[in-house]
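Welcome! Please take a moment to look over the sequence and the structure before reading on.

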Amino acid sequence: MNCDQENQCRYIVGIDLGTTNSAVSFVDTESKNPKIENFAVPQVTAPGEYANKDLFPSSHYEASEAEFNSGALNLPWDQNNKRVVMGHFARTHGAKVPGRLVVSAKSWLSHSGVDRTAALLPWHATEDVEKISPVEATARLLSHIRQAWNYEHQKFPLEEQDVIITVPASFDEVARELTVKAASDAKLNNIVLLEEPQAAFYSWISQHISDWHERVNAGQKILICDIGGGTTDFTLIEVRPQDGDISFHRVAVGDHLILGGDNQDLALAYHIERNLLHGKKLTPRQFTSLVRSCQFAKETLLSNNAPSQITVNIAGTGTSLIGGAIQTTLTKEEVEDVLVEGFFPHVGLDEVPVSRQSGFQEFGLPYAADAAVTRYLGSFLSSHAKANTGDTETGENLEAIRPDIILFNGGVFSSPLIQKRILDVLGSWFSKQDQSWSPLVLSNQRPELSVSRGASYFGIVRRGLGVRISAGLARSYYIGVETKAEDGVSLSALCLAPAGLQEGKSVDLSSRTFNLLIRQPVEFPLYVSSIRTTDQPGEIVEIDPLQMHALAPIRTVLRSGKSMEAKTVEVIVHVRLTEIGTLDLWCSEKGGNRSWRLQFDVRSATRTDIAEHSGAGEASGVIDIETVNLCLNEVISTFRTDSKRIGNADDLIKRVENICAIERSNWPPSFLRSLWEVLLENEKGRGTDPRYEARWLNMIGFSLRPGYGVAVDDWRVKQTWQIYRLGVLHGRNQACRAEWWILWRRIAGGLTSGQQRTLAQPLLSSLRSLFNDEKGAARRKRRGKGGDEKYGVHELSEIWRLLASLEHLEVSMKKELGDIALRLLNRKDSLASTAVWALGRLGARIPMYGNLNSLVDHDVVEKWIEKLIENAKPAFDLYFTLMLLSRKTGDRYRDIGEELRSRVAEFLVKNGAPQHYISLVKDGGRLDEEEQNLAFGEQLPRGLKIVG
């Protein structure tokens, strides 16, 4: 049964899907006195025991096969002797075995730097643990809640109730979509998303339903400061007069900040490590365990009636420098000093957050670069000053919005000391010399439950009862359009959807007409602003990078009928904000009946095998169209398959260089992609003879390298992949076969993980049989229809370079490739140096384009380094590879051990390696342009980079 206006469900259920703890509340709409109640979630509390608790820790633990007795983790609705447990026991027991524990799944769900649908958690798991994706982890937590509810309410299953799930206000469109997907995977298909700060305010309204009018006045601004386990959220709500009454309007939302209780736990762990070990570092497993212990210590020492100190245990390893177990003490004063001064310092209103990356990258999450919440708060209030109508008393415009009222929410504010610090900082910003000032603080009863309770109240509001917060779109969205200027044409921004647009509503922009190219790749630059909240739909404004953030553009190929001929169509645009907060753009033919739907290209945020488009390729310059056409005609005439073919393939590159007067290495990406287009259109021309095929394969890979960086490169790679099934047409020719592997290596960054696996699996099988002894001697291998034929050394080298460039491969495949490569170090031919280069790419500490969850473990890389130093001959290739493998990141979970790092640095110094290599090993940093080219395997197109 689905809930709708005519067929309303009995229960309204609010779920606070928190980073650290989740909570569930509900309203029984058929009770005599409907009220918001807490749902105590049944969960395992100890082996063989379970209890119903108001808080459900967002923790997932997979026990080892013999860790507990059969049935010890069973729940009343699940008697299958399971090994996975969630909630209270997962959190307390998992802190002792962090390699089996998944926490902070919500933070990972908003992490755009990894494939959020890939199995990557637990981060740095023990070997026998089944890794799961952030989406799967979230789905399992929701599934537990669903089953628990259904056990307690067997006649009213949760999937048939009115369910509201809360998300951070700053969650982007992708994170919202993935939250919906996780709910669907948990069999909750009909849900509504609500922003957490709004839910907290709805909870306050519900607590004061009889007198909330008396507590607020028209013109006041309410700041909701929500800091939980994973995120910091700022929201501004304005109280406005309406029809003789007042209403609430959400007017501003802060940027997404992964800054919360998790960061504080890390800060305490660093504090202990620094003071206790005096510069030495705990092992990754010890540090992970310490972080979990610090979480417990923090919550204990910041609670009401807290003890004066607590003992923290650090597990021993038996083999490391810090071999035995260690005990230390954390005092209440220590914790308050580290957390209050470190995260809530007194700062000036004009101080901006630092942009340098913090060391908190250690857990793989993109934690906020600056730990000072107060700096972000000041920046938020200052950046939204334009939305302020002026001081309500004096009419004077302020440099920053001054909140009249503040509502604290989230576990961090369970400490009265932190609340006081925020109030003191706000007072220092807005007090006058002769008059102190402080905002009114709204009471928040049981803040750990307020979000779920507010979500339940919102369910009542959706049924036409209660008090609604007018919200809608938190930001304004724009599309790039060309406008006439004195010096030609410039790019401006057309407001598509204004802040405040309600979900499910549309915007008609039919007053403007666009020319749309169909049957060819099209791109629309997109921008978003959380500052410009007053721009109106259809308004054209200047693109201000300080006020607008560029999004990955909409890019697609619009089809129409069977024709493949490109055509320009006049269209008008309609915009619709969907129920989950994403934007759809509809382009309708003016005077016709054709229509195309365009959607935000959010794939680059959910999948790291599609690179986010930055526009660097287009910015690197273009060649005039007349010259381009002359060059393209030269290519077309060379690869024609009829009698009109002129010119030969051997000197084609030279002829094109002469026409455009630019050396091949300096051809801009826009020109290269034009070459790609005509090469693909004339693919049959490679069948003329081996020379033509070798040249065609060489040029098409060269023109599309590195597989991303120019708009719709993912589409180009997809089209190029169609030739994979055709294979090499002249398979007996080693030059053609070598160019085949070079092609795929060049565009590897644009290949999906599935395509990379398809390339690698047969090649890995061949390498296993070819190099199955420790000396790396190659066996003979049967190829094609004609007898035995050896792989040539050149072709083998290109195969190795290809495989090492496939960064989306599973870690297990990379490990095996690395182990095989080590067998080649003592060979007398060029394969030895190729193997050295391959090891550098396979085990690099910072990926060129891949995601962090596909990196080879540091302990495996350490073994490779030892064998390289022992067996490889000192040479430039070796120095470069050692740098890639030892390059410092500041992440102990990626970095090799300090002792080995020092040895590598000494080795590089002793053998005269480049100074920058030594610096990258000792201190970290970025690769320069030449080093990027070395990592890629050749010179990159002008303006494109593969390393952040």
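What follows goes from the whole chain to its confidence and then to one helix.

This is a predicted model, in which local features need pLDDT of at least 70 and side-chain atom pairs count only at pLDDT 80 or more, while totals for chains, interfaces and linings use all residues. Residues are numbered from 1 along each chain as its sequence is written, and side-chain values use heavy atoms, leaving out hydrogens and water.

Let us begin with the chain. There are 29 helices and 31 strands; these are DSSP runs numbered from the N terminus, with helices (H or I) of at least four residues and strands (E) of at least two. Of the 948 residues, 57% are buried, meaning under 20% relative accessible area with a 1.4 Å probe, protein chains only. Among contacts (heavy atoms within 4.5 Å) between residues at least 6 apart in sequence, 69% join residues at least 24 apart.

How confident is the predictor? The mean pLDDT, a per-residue confidence from 0 to 100, is 84 for the chain, and 86% of the residues reach 70 or more. Confidence is highest in strand S1 (residues 11-16), at a mean of 97, and lowest in helix H13 (residues 603-606), at 36. Where pLDDT is low, the predicted coordinates should not be read in detail.

Finally, visit helix H23, residues 811-822. Its 12 residues, at 1.5 Å each, should span 16 Å (1.5 Å times one less than the number of residues), and the end C-alpha atoms are 17 Å apart, which agrees. Among its buried residues are Val811, Leu817 and Leu822. The buried residues of H23 pack against helices H21 (753-770), H22 (793-804), H24 (831-843) and H25 (858-871).

Methods
Buried means under 20% relative accessible area, exposed over 50%, partly exposed in between (1.4 Å probe, protein chains only). pLDDT is the predictor's confidence in each residue, from 0 to 100.
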